[in-house]
Protein chains: 2
Amino acid sequence: MSEIENITIGEVLKRVRKSKKISQEELAHRSSLDRTYISMLERNIKQPTITTIFLLSKALELRPSEFVQQLEDEFEGITIKRTTV
Amino acid sequence: MSEIENITIGEVLKRVRKSKKISQEELAHRSSLDRTYISMLERNIKQPTITTIFLLSKALELRPSEFVQQLEDEFEGITIKRTTV
DNA sequence: ATGTAGACTAAAGTCGACC
DNA sequence: GGGTCGACTTTAGTCTACA
């Protein structure tokens, strides 16, 4: 229900992946996820579960909380619709 | 397939919720999620997507990265495994 | 090396009801 | 207030294939 902004990880994922200089294929392999799915994540077509975040973080050698931290920075100010102020 | 270590948020969620002294119902309302679903999360029957983590964090008035940080502490040392390559 | 598409199956998330 | 069940709709995530 309602209009909730979806958290998209595309930009963060792509940026981190590139900084590690690995391909989507390589990332897919390291995280045991599908290559086409990684592609979808980066294009914000799908959003991951928490388990997937952990898998990706591990594959990218950074802490899940750091990964989420970067998402936070991006969604800062946008604020997910809070019905109860 | 089989041995996937799922990231479960039950303990963390329940602990934080209780520390804020709010009921599952109240949390459900604040996060725009279903009460039975909150119940399932706390019993580790389901795992949330990243958007849900953000919703819950907001409702619990803590940063998503802090929430994840607490998950990390719990899963520290555990290697997420997914047997399918 | 990436995007996209279609078909598929597992699981997320809702909802009403009862204990 | 919280657990659980069943039925349901939507989306996560896989896989094959082609540009």
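Helices here are DSSP runs of H or I with at least four residues, numbered from the N terminus, and a residue is near a strand if one of its heavy atoms lies within 4 Å of it. This is a predicted model, in which local features need pLDDT of at least 70 and side-chain atom pairs count only at pLDDT 80 or more, while totals for chains, interfaces and linings use all residues. Residues are numbered from 1 along each chain as its sequence is written, chains are lettered from A and ligands numbered from 1 in the order in which they are written, and side-chain values use heavy atoms, with hydrogens and water left out.

DNA strand D is surrounded by 20 residues, the nearest being A:Tyr37, A:Gln47, B:Gln24, B:Glu25 and B:Arg43. At least two residues each come from α3 of chain A and from α1 (10-19), α2 (24-31) and α3 of chain B. The largest share, three residues, is that of α3(B). Sugar or phosphate holds 61% of the strand D atoms within 4 Å of the protein, and bases hold the rest.

Polar contacts are pairs of N or O atoms within 3.5 Å; within protein, one must be able to donate a hydrogen and the other to accept it, and residues adjacent in sequence count only if both atoms are side-chain atoms. A backbone N or O atom of B:Gln24 lies 2.6 Å from a phosphate oxygen of DNA strand D, and a polar side-chain atom of A:Thr52 lies 2.8 Å from one.

Around DNA strand C there are also 20 residues, with A:Gln24, A:Arg35, A:Arg43, B:Tyr37 and B:Gln47 the closest. A polar side-chain atom of B:Thr49 is 2.6 Å from a phosphate oxygen of this strand.
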